[in-house]
Amino acid sequence: MIEAARKTFAGPVTFLKSAPTLAFLPGQEVPEVAFAGRSNVGKSSLLNALTGRNALARTSNTPGRTQELNFFDVGEPLRFRLVDMPGYGFAKAPKDMVRKWRYLVNDYLRGRQALKRGLVLIDARHGIKEVDREILDMLDGAAVSYRIVLTKTDKIKATELIEVRERTEAEARKRPAAHPDIIATSSEKGMGIPELRAAVLEAIG
């Protein structure tokens, strides 16, 4: 699976479109895997590391795009799509922006037949925070199977990583839609990236 996943992501990966509302969503002809995480969790870096591109996810960093669902096509012919969900947890975000985010994400999660798996990114330095539990609750409520991915693991000691991993796995086991296995990654060092690619391939079946 690791080698098949490496080959898949070495092939074409292209930005398709941004969807500010459900009306702009692409068709559901292929399976989708969605990435969720706090706005500073390193989602763009991880997407770039996953696909082996330096600037694939930069599209979602431009002002105004942060509150949209960004779709990326993988494969030629098209095999599946990656969905970069808007980051959450901005300390200074206006209430209407937070509300818009919640409606968009909740509606997408609840109504999207093509969505096969969510990948929830958690900063290894902090573990699961209250703001993360909101998205986990949404995924559980929508019955969308998801997997927790620890990011920035190179920024903490090995003993701390073991501890945060155990805590995260314990929480995942209590949640109905969560995959019990956690993937620990580092975009900078490449740690866990082959496993993450394989997890995406496994999710689409």
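The following dialogue discusses how to read several features of a predicted model.

Student: What pattern does the protein chain follow along its sequence?

Tutor: Please keep in mind that the model is predicted. The protein chain contains six helices and seven strands. Read along the sequence, these elements follow the pattern α-β-β-α-β-β-α-β-α-β-α-β-α.

Student: In which order do the strands of the sheet stand?

Tutor: In general, strands of a sheet pair through backbone hydrogen bonds, and the pairing is either parallel or antiparallel. Here the seven strands form an open sheet with mixed pairing, in the order β1-β3-β4-β2-β5-β6-β7. Strands β1 (13-19) and β7 (183-184) stand at the edges; each has a single partner strand, so one side of each has no neighbour in the sheet.

Student: How many bridges join strand β2 to strand β4?

Tutor: Four bridges join β2 (residues 32-37) to β4 (residues 80-84), and the two strands run parallel. Within this part of the sheet, Ala34 stands opposite Val83 in β4.

Student: Which strands does helix α3 lie across?

Tutor: Helix α3 (residues 95-111) lies across β1, β2, β3 (69-74), β4 and β5 (115-123). The helix runs at about 40° to β3.

Student: How should one read the radius of gyration of the protein chain?

Tutor: The value is set against what a compact globule would have. For 205 residues that would be near 17 Å, and the protein chain has 16 Å, which agrees. The C-alpha atoms fill a box of roughly 45 × 45 × 30 Å along the principal axes. Of the 205 residues, 53% count as buried. Among contacts with a separation of 6 or more, 76% are between residues 24 or more positions apart. The accessible surface comes to about 9,700 Å², and 52% of this belongs to carbon and sulfur atoms.

Student: How many aromatic pairs are there?

Tutor: The count comes to four aromatic pairs. In one of them, the rings of Phe9 and Phe80 have their centres 5.9 Å apart and their planes at 70°; planes over 60 degrees apart count as edge-to-face, so this pair is edge-to-face. The pair links distant parts of the chain, since Phe9 belongs to helix α1 (residues 2-10) and Phe80 to strand β4, 71 residues apart.

Student: Are Phe9 and Phe80 buried or exposed?

Tutor: A residue counts as buried under 20% relative accessible area. Phe9 has 1% relative accessibility and therefore counts as buried. Phe80, with a relative accessible area of 0%, is buried as well.

Tyr88 and Trp101 form a tilted aromatic pair, 5.6 Å centre to centre with 50° between the planes. Tyr88 lies in the loop between β4 and α3, and Trp101 in helix α3, so the pair ties together parts that are 13 residues apart in sequence. Both Tyr88 and Trp101 are buried.

Student: How many residues of helix α2 are buried?

Tutor: Helix α2 (residues 43-51) is mostly covered, with eight of its nine residues buried. Among them are Lys43, Leu46, Asn48 and Thr51. Just after α2, Gly52 takes a positive phi of about 70°.

Student: Where is Glu68, and which residues is Glu68 in contact with?

Tutor: Glu68 is placed in the loop between α2 and β3. Its relative accessible area is 14%, so Glu68 is buried. Leaving aside neighbours within four places in sequence, Glu68 is in contact with Ser18, Ala19, Pro20, Asp84, Met85, Pro86 and Leu104.

Conventions: Residues are numbered from 1 along each chain as its sequence is written. This is a predicted model: local features need pLDDT of at least 70, side-chain atom pairs count only at pLDDT 80 or more; totals for chains, interfaces and linings use all residues. Side-chain values use heavy atoms; hydrogens and water are left out. Two strands pair if DSSP finds at least two bridges between them. Contact means heavy atoms within 4.5 Å. Axes are lines fitted to C-alpha atoms, for helices over the stretch in contact, and angles run from 0 to 180 degrees between N-to-C directions. The radius of gyration is taken over C-alpha atoms; the globule rule is 2.2 Å times the number of residues to the power 0.38. Buried means under 20% relative accessible area, exposed over 50%, partly exposed in between (1.4 Å probe, protein chains only). Accessible areas come from the Shrake-Rupley method with a 1.4 Å probe; for residues, only the protein chains shown count as cover. Rings of Phe, Tyr and Trp (its six-membered ring) pair if their centres lie within 6.5 Å; planes under 30 degrees apart count as stacked, over 60 as edge-to-face and the rest as tilted.
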